[in-house]
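This report walks through one protein chain for a reader who has the sequence and the coordinates at hand. Please look at the fold first, and then follow the text from a single turn outwards to the whole sheet.

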Amino acid sequence: MAKAGQKGTPGKYVCIDCGYEFELSAVEKDLKKCPMCACEEYNCFPSTAIRPDIKTPEDVRNPPKKRDYIKK
Ligand SMILES: [Zn+2]
């Protein structure tokens, strides 16, 4: 789940309210409110290609838990 006003990670975002989809390609961009319904929350589908923990086809089929690579 991602919220408007936060920094977005590259990937696909889907509005939880109306289903509006958009792609975010730059890390430094802030998420905007949904242009369709002004909802501020999105389901986030990070693009797996940029995940540092996915290196093999096996990782793609069975991705490591997200928190494992977010944790510092
Ligand atoms: Zn929306």
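In the hairpin of β2 and β3, where 5 residues lie between the strands, Gly 19 adopts a positive phi near 85°. The model is a predicted one, and the angles, distances and pairings described below should be read with that in mind.

The two strands of this hairpin, β2 and β3, are antiparallel and are joined by 4 bridges. Within this pairing, Val 14 stands opposite Glu 21 in β3, while Gly 11 has Leu 24 of β3 as its bridge partner. Gly 11 also has a bridge partner in β4, namely Pro 46, and with this residue the description passes from the hairpin to the next pair of strands.

Strand β2, which covers residues 11-15, pairs with β4 in the antiparallel sense over 5 bridges, and here Lys 12 stands opposite Phe 45 in β4. Strand β4, covering residues 41-46, is in turn joined to strand β1, residues 2-3, by 2 bridges, and these two strands also run antiparallel. In that pairing, Lys 3 has Glu 41 of β4 as its bridge partner.

Taken together, the 4 strands form an open sheet with antiparallel pairing, in the order β1-β4-β2-β3. Its edge strands are β1 and β3 (21-24), each of which pairs on one side only. Along the sequence, by contrast, the chain follows the pattern β-β-β-β-α-α, with a secondary structure that comes to 2 helices and 4 strands.

The loops between the strands deserve a separate look. The loop between β1 and β2 contains Thr 9 as well as Pro 10, and the loop between β3 and β4 contains Ala 38. The table lists a C-alpha to C-alpha distance for each of these loop residues, together with the separation along the chain.

| Loop residue | Other residue | Separation in sequence | C-alpha to C-alpha distance |
|---|---|---|---|
| Thr 9 | Ser 47 | 38 residues | 8.6 Å |
| Pro 10 | Phe 45 | 35 residues | 8.7 Å |
| Ala 38 | Cys 15 | 23 residues | 9.3 Å |

Is Ala 38 buried or exposed? Ala 38 counts as exposed because it has 12 C-beta neighbours inside 10 Å, and a residue with 12 or fewer falls into that class. Ala 38 also has a phi near 65°, which is a positive value in a residue other than glycine.

The two residues in the loop between β1 and β2 fall into another class. Thr 9 counts as partly exposed because it has 18 C-beta neighbours inside 10 Å, and Pro 10 is likewise partly exposed, since 15 other C-beta atoms lie within 10 Å. For a residue to count as buried, 20 or more other C-beta atoms would have to lie within 10 Å of its own.

For the chain as a whole, 11% of the 72 residues count as buried. Among the contacts with a separation of 6 or more, 41% are accounted for by residues 24 or more positions apart.

How far the model can be relied on is a matter of the predictor's confidence in each residue, expressed as pLDDT. The chain averages a pLDDT of 79, and 68% of the residues score at least 70. Among the elements, β2 has the highest mean pLDDT, at 91, whereas helix α2, residues 66-70, has the lowest, at 60. The strand with that highest mean, β2, is joined to β4 by 5 bridges and to β3 by 4 bridges.

Notes
Residues numbered from 1 in each chain as written. Predicted model: local features only at pLDDT ≥ 70, side-chain atom pairs only at ≥ 80, totals over all residues. Pairing = 2+ DSSP bridges. Contact = placed C-beta atoms within 7 Å. pLDDT = per-residue confidence, 0-100.
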